[in-house]
Amino acid sequence: MAREPAPIPAELVRMAASQQRALRLSASLSTLAEALWLPQAALLAWALAGLATGRVVALSWCAGGVAAIGILRAVSGLWAAGRAEAAADAVIADTRSALLCRADRRAPEAAAPSSAATAALLVDKIEMLRPYLLRWHPVRARVAVMPLLILSVSTGLSWAAGLILAISGPVIPMFMALIGLAARDAAKRQMDEISDLNALMLDRIGALVDIRLLGARRAMLADFTLRADRLRARTMAVLRVAFLSGAVLELFAALGVAMMAVFVGFTLLGALDFGTWGRDLGLAEAIFLLLMAPAYFQPLRDMAAAWHDRIAAQAVARDLLADAAVPVPAILGAGHAGRALAGTVTTHGLVLRGHALPDLIIAPGEGVALTGPSGAGKSALLLAIAGLLPGYGALRIDGVPLGQSNADDWRAALALIPQKPHFRDVSLREELTSGRPATPGAIADALRLADAQGIVARLPDGLETRLGESGAGVSGGEARRLTIARAALRRPALILADEPTADLDDGTAEAVIAGLLEMHRKGATLVAASHDARLIKALPRRIEVGR
Amino acid sequence: MTPLLTIATLFWRDQRRAILRGFALSAAVALSGIMLLALSGWFILAAGMAGLAGLGTVFDVFRPSAGIRFLAIARTGSRYGERLATHDATLKVLAGLRVRLLDGLSRADFTLQSRLRGGQALNRLTADVDALDGLAIRLVFPLLALLIAALAVLTGLWLLVAPSVALWVAGATFSGAVAVLAWAGKAAFGPSSEAEARRQALRSATVDHLRGRDWLAVAGRLTAARETVLSQDRRARAAALAQARIEHRATAALQAAGAMTLAGTLWLAGRLAMQAQITAPQAALAVFAALAMGELALALQRGIAELGRMRGAAARIAPLLEPRSAPAAPDVSGPAGLALTCLAVAAAPGLPPVVTGLDLSVAPGETVALKGVSGRGKTSLLNAVAGLVPPVQGEIRRGGTIGYLTQRPALVAGSLRDTLRMAAPAASETDLRAVLDCCRLDLPLDHVLGEGGAGLSGGQARRLALARVLIQRPGILLLDEPTEGLDARTAARVLHGIRDWLPDAAILIAAHRLAEIRFAGRTLDLDLQDSAA
């Protein structure tokens with residue numbers, strides 16, 4: 001049995017640590033519900049034996065007792081589930097908030113997991129902790145308590161009955177290994193199959209338009225059917241072996257119950273006269289023993305059923321550990337509002353993403369073009385100046401190193417114009433003002449400066465339009481002009497623009513350059529990474545990166 | 001409940017044999033389990049009474065104990081068969097559902113298909129399909145097995161014990177389970193839809209937040225925006241808790257119903273035994289059968305827990321599975337070349353037109369470039385010519401098959417050969433290699449791509465997509481920014497390669513770069529077109 005590396009179970013324990021008490025209470029309640037079967041079974045046995053021996057039985061009381069204990073079991077099970085559910089909820093809340101906090105402070109590096117992958121982990125995969133905490137935890141407690149309890153009670157009634165169960169005793173660790181082996185392979189293979197099949201389907205759905213244009217609809221369907229069937233056949237081959245080990249387990253349990261029935265039956269008939277501590281085995285005791293035998297194996301079978309939850313939780317823990325180990329540093333500062341701080345930027349011996357960058361001094365009010373081949377580190381330099389990309393070497397503002405304590409204040413004075421604009425799923429007004437109060441006049445000025453009034457006028461709800469993924473669309477050039485307006489509204493002391501005119505047609509590019517230069521003329525420092533000759537020519541200073 | 005029924009019907013139609021086999025074996029497991037417990041109970045009591053009466057030596061122990069051993073082994077064996085059969089059925093259903101879904105989506109219109117390219121919509125879709133996987137194995141099989149068991153218990157106890165006891169055990173168990181199922185299905189639907197919607201909202205909010213994190217940090221709003229996402233999380237978790245509460249109550253209700261049934265059986269059979277209408281072993285048989293039935297009903301627990309989720313998923317998936325005809329291929333019977341008359345097109349049906357009153361003809365062997373600022377309607381025009389969206393007004397006459405390299409073509413996993421063969425199943429190896437040469441793509445045909453064409457650079461992917469179009473030798477070729485991502489020299493060579501490959505095609509290019517405009521014999525400026533109109 002292959003053991004998973006130790007950090008994963010440890011991570012699961014760590015995640016649940018804060019809810020240890022609630023989980024323990026839930027496990028105890030669930031064990032109690034299971035253990036209440038003993039008195040319930042005893043009552044049943046006593047009543048049935050009474051019927052057989054002609055003893056007067058208070059039938060209504062017995063039936064009432066059986067029902068009452070049964071309802072008590074259901075209620076304590078419900079209580080246990082409620083406790084575990086609340087604990088799972090708390091664990092999920094903590095894990096989510098920690099993951100989100102780590103992910104959103106991550107520097108914008110290629111090695112950072114994609115937003116979609118992080119969201120899938122944060123929303124859907126973390127949910128897998130719920131069944132794990134709800135089912136696996138209590139079942140583990142039941143496995144630890146119930147077989148021992150039943151074994152000792154049964155042995156008290158008849159050592160031979162105890163022996164029958166105890167024969168399965170040493171077999172239990174073997175059972176566990178078997179369950180593990182069988183269920184692990186089966187569950188893993190089935191999950192793999194689902195994810196393979198999903199990947200295959202998603203791949204095709206993503207290309208549906210192309211498939212339609214190529215007239216390959218039927219061929220694609222036939223091919224998908226074939227591949228899906230091949231996947232199924234392979235999965236079944238693995239499952240067959242896994243289920244066989246499961247069947248061995250079931251056989252042990254079934255034979256244990258059958259042996260108990262036969263032993264008890266023969267003892268009652270008087271054919272066997274050993275194993276009962278020298279006294280006669282009463283009919284009630286006999287029935288009780290028979291009822292105990294399946295209960296002895298039940299926790300183990302529950303465990304096999306919950307194994308899937310455990311594997312899923314381990315997969316989540318593995319993903320979370322991998323996410324924590326992603327070698328991407330966090331941004332400087334927390335990312336909350338600060339008090340604007342302006343100054344001269346100096347760098348010395350700066351190394352970013354493996355590129356050694358030239359030392360530079362940019363004084364307030366300067367206009368600088370960063371030029372050089374793609375991939376030389378121009379974008380990285382802009383991000384580093386914004387405190388979003390920590391690197392090696394020194395980056396100072398008026399001689400003070402940019403760090404945790406001053407990064408938020410420094411960013412309060414600057415605006416970043418990214419190469420690929422992203423508009424969040426909020427109203428355009430909210431996006432432009434970043435949630436700060438702004439007068440209609442200020443907004444109109446910023447839009448005019450970016451030559452973007454026309455864009456807003458065309459949008460269905462004007463400034464209240466949502467531009468996010470689910471909202472109305474603007475073209476790439478329009479989006480770029482809106483980011484200029486967004487930057488202008490901040491009245492920044494420093495503008496960092498990354499390829500502001502890339503992929504734009506001439507007219508749009510000129511409008512964007514004019515907007516940037518107007519802000520610069522009004523006193524803002526402008527640092528633009530660009531290949532565009534028009535923009536480079538318009539700026540007084542040029543720094544070559546990557547030579 | 002109707003969408004869920006629709007899906008169940010589809011499963012049934014697709015996989016009748018696999019489902020029947022799984023069902024038969026589930027019933028066998030249920031029956032042998034019940035008989036094992038009932039026979040054991042009867043045996044103990046009968047043996048006990050015989051022992052007390054001193055008849056131990058004449059009591060036939062061998063048949064009952066052989067029966068017990070046989071049932072124990074039969075139960076194990078049928079359980080193994082059941083697991084194999086139900087998993088086989090589930091995997092078949094799983095694949096079948098996906099094939100159907102893919103079929104349905106491949107018939108959908110262009111708007112839906114292009115919307116589906118976004119990762120969000122796809123994640124939702126897979127989550128829904130996964131939710132439906134459990135329908136057969138966790139809900140339908142256990143429910144049918146319970147029904148069969150109830151019928152068997154009804155018959156068995158009717159004949160062996162007493163009609164009243166038989167009616168009680170079978171009726172109380174089955175109706176109890178069905179009542180809980182109906183209640184949970186109804187009660188969980190609202191919370192489960194709400195939980196799903198909240199989860200969806202949290203997923204979108206997370207992606208949105210993370211994609212915007214640079215600007216949020218610069219704007220000093222990162223922590224505030226994170227708080228907003230976390231408040232979405234609180235709402236999502238509250239909805240999930242409400243859903244879970246119903247599931248737990250359903251489980252407890254099943255257990256309580258089982259206990260009541262058991263107690264009722266004890267009372268009913270016990271009274272009959274005390275009145276000497278039945279024997280004590282017969283009463284035991286009934287009690288043990290009730291016990292086994294309770295366990296069977298409890299197997300529904302997981303299916304009930306997922307019922308709400310399944311209903312929501314079915315409601316979203318079922319409309320996509322509705323039979324509809326595949327989109328008709330555009331009419332290509334016109335005189336050779338391409339002729340557009342007084343054409344008006346919109347980005348999507350229902351939106352205002354972006355291009356109006358356009359007249360254009362492209363003769364065979366001619367190349368025309370479309371120029372215009374971004375968002376001016378070049379792509380919409382090509383989409384209309386390709387027949388993806390109907391024109392708002394005017395006429396399109398196509399005199400040849402259409403080949404269309406879209407702005408963002410999607411590749412699928414597989415080798416280069418698979419990719420090209422998908423477009424032209426009958427093409428020869430020589431042709432395949434020639435078309436790659438023509439697109440200046442220097443990769444072996446056996447080169448394998450990952451999902452979505454992963455493993456190729458942007459420029460390589462674009463050229464492969466172009467080769468996939470060219471291999472069909474279309475009479476009319478529509479190219480949307482064909483040299484995007486290529487350096488100037490390669491761009492020029494690829495463009496000339498296209499013309500060499502298709503000397504007689506009418507080519508219409510949505511041009512973006514100078515190389516593309518230079519390559520065309522004629523240029524149509526949509527900006528000017530508009531002011532002229």
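This text walks through the contact between two chains, then the two domains of one chain, then a single residue. The model is predicted.

Start with the contact between chain A and chain B. Chain B puts 128 residues into it, and chain A puts in 132 residues. Together the two chains bury about 11500 Å². Carbon and sulfur atoms give 70% of that area.

Polar and charged pairs also cross this interface. Seven salt bridges are counted between chain B and chain A. One of them joins A:R232 to B:D88. Their closest N and O atoms are 2.7 Å apart. The count of residue pairs in polar contact between the two chains is 25, with both residues at pLDDT 80 or more.

Now look at the side of chain B that touches chain A. Helix α8 of chain B, residues 222-274, gives the most to this side, with 26 residues. By class, the side holds 71 nonpolar residues, 28 polar residues and 29 charged residues.

Next, turn to the domains of chain A. The domain assignment gives domain 1 as 7-325 and domain 2 as 345-544. The C-alpha centres of these two domains of chain A lie 55 Å apart. Four residues of domain 1 and six residues of domain 2 take part in the contact between them.

The two domains of chain A bury about 340 Å² between them. Carbon and sulfur atoms account for 52% of this area. On the domain 1 side, A:A107, A:P108 and A:E109 lose the most area to domain 2 of chain A. Together these three residues make up 88% of what that side buries.

What polar links cross from domain 1 to domain 2 of chain A? The rule finds zero salt bridges across this interface. The count of residue pairs in polar contact is also zero, for pairs with both residues at pLDDT 80 or more. The domain 1 side that touches domain 2 of chain A nevertheless has two charged residues, along with two nonpolar and no polar ones.

Finally, take one residue, A:E34. It is found in helix α2 of chain A, residues 20-35. Is A:E34 buried or exposed? Its relative accessibility is 16%, so A:E34 counts as buried, the cut-off being under 20%. Leaving out residues up to four places away in sequence, A:E34 touches A:R73, A:R142, A:M146, A:Q298, A:P299 and A:D302.

How values were computed: Residues numbered from 1 in each chain as written. Chains lettered and ligands numbered in written order. Predicted model: local features only at pLDDT ≥ 70, side-chain atom pairs only at ≥ 80, totals over all residues. Heavy atoms only, no water. Contact = heavy atoms within 4.5 Å. Buried area = accessible area lost by both parts, 1.4 Å probe. Salt bridge = Lys/Arg side-chain N within 4 Å of Asp/Glu carboxyl O. Polar contact = N/O pair within 3.5 Å; in protein donor to acceptor, adjacent residues only side chain to side chain. Helix = DSSP H or I, 4+ residues; strand = E, 2+ residues; numbered from the N terminus. Nonpolar A, V, L, I, M, F, W, Y, C, P; charged D, E, K, R; others polar. Domains from an automatic or database assignment. Buried < 20%, exposed > 50% of the residue type's maximum accessible area, 1.4 Å probe, protein only.
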